[in-house]
Amino acid sequence: MDATGIKGLHTEHLGQRFLWFERLGSTNDYLKEHGETLPDGTVVAAAEQVAGKGRRGNQWTVPRGESVSMSALFHNLGEQMLPLLPLVCGLAAAKGLSELTGQKARIKWPNDVVMNQKKLVGILCESVLGTGNSLAVCGIGINVLQKQAYFDEAGLPYATSLYLQTQVLYSLDEAAAAVLNQLEPLMELLRQKGFSALRKEYEQFSATLGRPVRILQDGEQKEGVALGIGEDGSLLCNIGGALVPVRSGEASVRGLYGYL
């Protein structure tokens with residue numbers, strides 16, 4: 001993975017315009033700042049990302065050469081599609097990495113990708129309203145080569161890497177291509193048919209459905225069971241006998257007894 005592009009990429013559009021940086025503050029921020037002048041489907045990646053961020057503003061930094069830090073740009077998706085991007089990216093990552101490794105990756109709603117109950121992929125989608133053009137930026141971070149000592153020293157007990165899960169030294173190109181090759185057709189389905197065309201497959205990869213969950217919203221904590229995914233990407237939970245939709249960005253969902 002370098003300035004020449006992503007080896008193994010078989011897309012027609014996504015990632016064919018590729019920008020590589022040895023060092024960058026944030027791939028998401030770069031696309032938010034320059035996206036209006038870049039074509040739809042542009043992918044930006046960095047060998048070292050020094051000001052990356054995760055959901056809820058958490059800082060996210062990665063060791064050089066051991067993980068994928070990339071962001072993809074989408075133009076004019078429409079307001080209804082924007083909340084669904086994290087789920088579609090999560091599904092692409094789970095499908096692609098399952099196919100690459102032969103091990104089942106799953107999705108902790110809405111978009112954390114896990115193997116054996118540990119986080120493998122983090123995703124952050126953001127939108128920007130430009131001059132007559134809305135931009136969506138999807139940041140995807142894949143832990144590829146980190147050893148256990150890295151996660152121990154970083155205080156990340158629920159994180160893992162492809163190497164730790166498989167004992168195989170996959171390249172960053174293989175991991176990035178596996179996800180992007182899945183993301184392009186999923187995005188096309190989303191554009192043409194909506195999330196209803198993807199919902200069943202998303203549920204099949206879910207690590208959250210059927211599990212007891214703890215929901216933190218507006219300082220209030222509730223407990224329930226995750227039952228399904230709504231048409232709008234919400235998590236449908238049985239809380240006190242009522243079916244309650246929980247929307248990404250409005251609440252934090254954890255397993256009753258830990259990360260999952």
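Helices (H or I, at least four residues) and strands (E, at least two) are DSSP runs, numbered from the N terminus. The model is predicted: local features need pLDDT of at least 70, side-chain atom pairs count only at pLDDT 80 or more, and totals for chains, interfaces and linings use all residues. Residues are numbered from 1 along each chain as its sequence is written, and side-chain values use heavy atoms, without hydrogens and water.

**Exercise 1.** Determine whether Ser234 is buried or exposed, and describe its surroundings.

Solution.
1. Locate the residue: Ser234 sits in the loop between β9 (220-229) and β10 (235-239).
2. Apply the cut-offs: buried means under 20% relative accessible area, exposed over 50%, partly exposed in between (1.4 Å probe, protein chains only).
3. Ser234 has 3% relative accessibility, so Ser234 counts as buried.
4. List contacts (heavy atoms within 4.5 Å). Beyond its neighbours within four places in sequence, Ser234 touches Trp109, Gly228, Ile229, Pro245, Val246 and Arg247.

**Exercise 2.** Find which residues of helix α1 (residues 27-34) are buried, and how they are arranged.

Solution.
1. The buried residues of α1 are Thr27, Asn28, Tyr30 and Leu31.
2. Viewed down the axis of α1, these buried residues fall within an arc of 160°, so they line one face of the helix. The arc is taken from the directions from the helix axis to the C-beta atoms.
3. Identify the partners: the buried residues of α1 pack against β1 (18-24), β2 (43-49), β3 (67-75), β6 and β7 (134-143).
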